[in-house]
Amino acid sequence: MAGDSTPACMDHAATRRTLLRAAGALPLLALVRPASATPDEMRAAIARWTGNKVPNEGKVTFDIAKLIDNGNAVPVTIRADSPMTQQDHVTGIALFNERNPETDIVRFTLTARSGKAEVSTRIRLATSQKLAAVVRMSDGSYWQQTVDVIVALAACIEGEPM
């Protein structure tokens, strides 16, 4: 009989160890899953970049697909309506999002010598969300265009540390 109780004790101890290991790993799961930004954080990031000025709608063309198959490398082009003269030119272009781990995606600095107010890049998108392209003009005004995109295969979430 003593031989029969030993395996049961060992099974109980093994189960207990497995449970303790799993419980110890739970906090690590929180570290692996990145937090995502919120619409309020996106508005706050835009306000920081604009010095709390509210951007006007218009003057910005934001080319990005509305339906994105894979969020790992999404092509984006942002153009601003500007003659790019010394007196009237774009000084900055920034791209913000509301659902990636960080709200600021990219910022570009331009001068009148840039030739044209256009930038292109590829970005990663964690999920379906709203994006805002904001342009700063040499007269201190800000202009923006927002777009909602649907992402079928998300990026920024698998194996990314916080």
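Which elements of the protein chain have the lowest and the highest mean pLDDT? In this predicted model, with residues numbered from 1 along each chain as its sequence is written, local features need pLDDT of at least 70, side-chain atom pairs count only at pLDDT 80 or more, and totals for chains, interfaces and linings use all residues. Side-chain values use heavy atoms, leaving out hydrogens and water. The lowest mean pLDDT (the predictor's confidence in each residue, from 0 to 100) belongs to helix 1 (residues 2-32), at 53, and the highest to strand 5 (residues 90-97), at 98. Helices (H or I, at least four residues) and strands (E, at least two) are DSSP runs, numbered from the N terminus. The chain averages a pLDDT of 84, and 74% of the residues score at least 70.

In strand 5, eight of eight residues are buried (under 20% relative accessible area, 1.4 Å probe, protein chains only). Strand 5 pairs (at least two DSSP bridges between the strands) with strand 8 (residues 129-137) in the antiparallel sense over seven bridges; Ile93 has Val135 as its bridge partner there. Five bridges join strand 5 to strand 6 (residues 104-109), also antiparallel, and a hairpin of six residues connects strand 5 to strand 6.

Two aromatic pairs are found in the whole structure (ring centres of Phe, Tyr and Trp, the last by its six-membered ring, within 6.5 Å; planes under 30 degrees apart are stacked, over 60 edge-to-face, the rest tilted). Trp49 and Tyr142 pair edge-to-face, at 5.7 Å centre to centre and 70° between the planes. Trp49 lies in helix 2 (residues 39-50) and Tyr142 in strand 9 (residues 142-153), 93 residues apart. Both are buried.

Note on methods: Buried < 20%, exposed > 50% of the residue type's maximum accessible area, 1.4 Å probe, protein only.
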